[in-house]
Amino acid sequence: MEKFNGKVIFKGVAIGKVHFYGKKEETVKRYKVEDTAAEFARFEAARDQAIEDLNKLHDEAVQKVGEENAAIFEVHAMLLEDEDFADAVQNTIETQNVNAEYSVAVAGDNFAKMFSEMDDEYFRGRAADMKDISERVIQVLSGVSSDIAFDEPVIIVADDLLPSQTVQLDKEKVLAFVTEKGSSNSHTAILARTMNIPALIGVPVNQDYDGKMAIVDAHNGEFILEPDEETLEAQKAVKAKDDEARALLQQLKGKENVSKDGKKINLYANIGSVADVGSVLANDGAGIGLFRSEFIYLGRDTLPTEEEQFEVYKTVAEGMGGKKVIIRTLDIGADKQADYLGLDKEENPALGFRAIRICLTNMDIFTTQLRALYRASAFGNIAIMYPMITSLEEVRKIKEISAKVQADLTSAGIAIGNHVEQGIMIETPAAAVISDILAKEVDFFSIGTNDLTQYTLAMDRQNAKLEAFYNPHHEAILRLLKMICDNGHKGGAWVGICGELGADTTLTETFLQMGFDELSVSPSMILPVRKQIRESIAYPED
Ligand code: PEP
Ligand code: MG
C-alpha cells in the first residue's frame, strides 16, 4: 500500500481500478539510432496499430453517436495512411539517424503548420488533426494508452486533463479524477464538480498505477494505491456515510431557498452540456444560471453550425420546462482551446484574445451563435449572458448586434422568445468599477468570481503554484462583490454569482446579507447551499 497527498477539488470517496490516461506531458525525446531501417519498421508497425485502433473507435462511435459524428475517426485513419506523412518520417529517421517518436513529432508539426497556412478553411481545420494523429502514433510507440473509452467504471489518473479531454469522458464510467497538475479553479476542476465526481489535484502520478486498485479519499486529500484490507474496509464505511448524508440532503428537495428570517434567493445551476440537465433537475435546481456554451465548441474539429447549436439550446430550454436557462456566449481562449480556430499561441492567454473579444472580432461566429440562441428562445425561458466585459462600448456594440439578429429573424418570419433577458458577466475589475454605468444597460449581472479573483489579485487561476496565495475570500473581492451588488440594484439590474465562490457555504450568509438575488452553483452543490441558506440570517440586528 502506498499513500500520496493531494488537494481536494470535490469531496467524496471512490474505490476502484486506476485508468492511467494519456501520457506525462514531456517533450518527445530525441535520440540517435544505429539501425534506421528497423526504426522505420517500428514506425510502420505503430502507424498500422494506430489505424486499427481508429477503425475500431470509428465502429464504436457509429453505434454511440451516429455516422456523422464518428466520421472524424475515419478522416484520421485516412490521414495516417497518407504516404507523404510516412515519407517525411522516414526522411527524418534516415537523414538524422534519430528515433521514430521524434521523427513523427517533427512530421506532425510540419504538416500541421503547412495546413494551418492554407487558404482553404477545410484544410486549415486539418492542422489540428495532424497533431492529433502524430500524438496517437507517438503514444503507440511509447506504449501508452490514449483511449478515453473503458468498459468498467475507473479512477482516471493523469498528469493533467484538458477541458476538451474531460468533456469527452463517459461520466457514468468515471469514479474519480486524480491529476498531478491543474488548479482548483481550472475548468477541468469545475467539470469534476459539475459531474459530481470526487477529485484530487497535486498528486504525484505514474503510468505504473494503471490497472491497480486504489482509493481516492477526497475528504482527507489522499490517494491510496493498492490499499490493505483494513484501509479498504474503513474507506467503504466512509463512503456509506457519505451516501447517507447525501440521502439526508434529499429531504430538502422541494423546499424553498429561504433564510431563517424570510429572505428568498434563487438557486440555479452551472452546466457544461445537455447531459447535465438531468442532474440539475435531480438536485431540484430552479433554473440554469450559467450554461458554459463553449463546451459545445470543444472536443471537435469544426465550428458547430447554427442548426447544431439551436438543437442543443432548444433541448436544454425544453428540458428545463420553462425554468430560466441563462446561456453564456462563447468563452473560448485561455485554458479552453479549440485548435480548429487557429488562434495564435499567446504570452498571456488569460489576458489575451478570448471570449467576447473573439466574438466581436469574428462576427460570423458571434451572429451564428446569437441566431441559434434567439431561435431556441421560442422554446423556453432563455436568457443570454456575455463574458469578459470590460467597457460600456462593448456592451453597446453587443446590444446593437443582438438587436440586428433579432430583427433579421423576425423579418424572416422566424419565432423568437417574448422577452429574452440579456446580462453580462462581471469578472474583470474594469467591469466591477464601472458596474454603476453598466447596470443601466442590461437586465442582470452575474459575477464570475473565478476570473474576478484572478484579475483582481493578479494571480493566474491555472497556476498550481499559486494555490496557497489564491484567496477568493480576500477583502478586496468581498468589497467588490458588495459594490457590484449595490450598483446593479441601483441601475435596475438583478445580480447573481455564478463563479465557484457562489457554492462556498462559509459565505452563503454573507451573500444573503449583501443582498444577492441569485447564486448559481454546480448541480451537486444545490442542496448543500439550500441547507446553508435555510440556516442563515439575512438581516442581522446590529
Ligand atoms: C468565472 O470566471 O467565475 C466564471 C463563472 O466563468 P469561467 O469559470 O467559465 O471563466
Ligand atoms: Mg470567467
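**Exercise 1.** In this predicted model, compare the expected span of helix α16 (residues 475-490) with the distance between its end C-alpha atoms.

*Solution.*
Step 1. Helix α16 has 16 residues.
Step 2. The rise is 1.5 Å a residue, and the expected span is 1.5 Å times one less than the number of residues.
Step 3. That rule gives 22 Å for α16.
Step 4. The end C-alpha atoms are 23 Å apart, which agrees.

**Exercise 2.** Find which residues of α16 are buried, then look at what follows the helix.

*Solution.*
Step 1. Take buried as under 20% relative accessible area.
Step 2. The buried residues of α16 are Ile-477, Leu-478, Leu-480, Leu-481, Ile-484, Cys-485, Asn-487 and Gly-488.
Step 3. An α-helix has 3.6 residues a turn, so residues three or four places apart point the same way.
Step 4. After α16 comes Gly-492, with a positive phi near 90°.

**Exercise 3.** Describe the largest cavity and its lining.

*Solution.*
Step 1. Two cavities of 30 Å³ or more are present in the structure.
Step 2. The largest holds about 70 Å³ of space.
Step 3. Its lining has 15 residues; Arg-328, Glu-427, Asn-450, Asp-451 and Arg-461 are the closest to its centre.
Step 4. Sort the lining of the largest cavity by class: eight charged, four polar and three nonpolar.
Step 5. Strand β10 (287-292) and helix α15 (449-456) each supply at least two of these lining residues.

**Exercise 4.** Work out where the second largest cavity lies relative to the domains.

*Solution.*
Step 1. This cavity holds about 30 Å³.
Step 2. Its lining includes Ser-183, Asn-185, Asp-460 and Tyr-470.
Step 3. Domain 1 (2-21 + 148-230) and domain 3 (263-534) both give lining residues, so the second largest cavity lies between them.

Definitions and conventions. Residues numbered from 1 in each chain as written. Chains lettered and ligands numbered in written order. Predicted model: local features only at pLDDT ≥ 70, side-chain atom pairs only at ≥ 80, totals over all residues. Heavy atoms only, no water. 1 Å grid on protein atoms, 1.4 Å probe; cavity = no way out; pocket = protein on both sides within 12 Å on 5 of 7 lines; lining within 4 Å. Points joined across faces, edges and corners; volume = space filled by probe spheres on them. Helix = DSSP H or I, 4+ residues; strand = E, 2+ residues; numbered from the N terminus. Nonpolar A, V, L, I, M, F, W, Y, C, P; charged D, E, K, R; others polar. Domains from an automatic or database assignment. Buried < 20%, exposed > 50% of the residue type's maximum accessible area, 1.4 Å probe, protein only.
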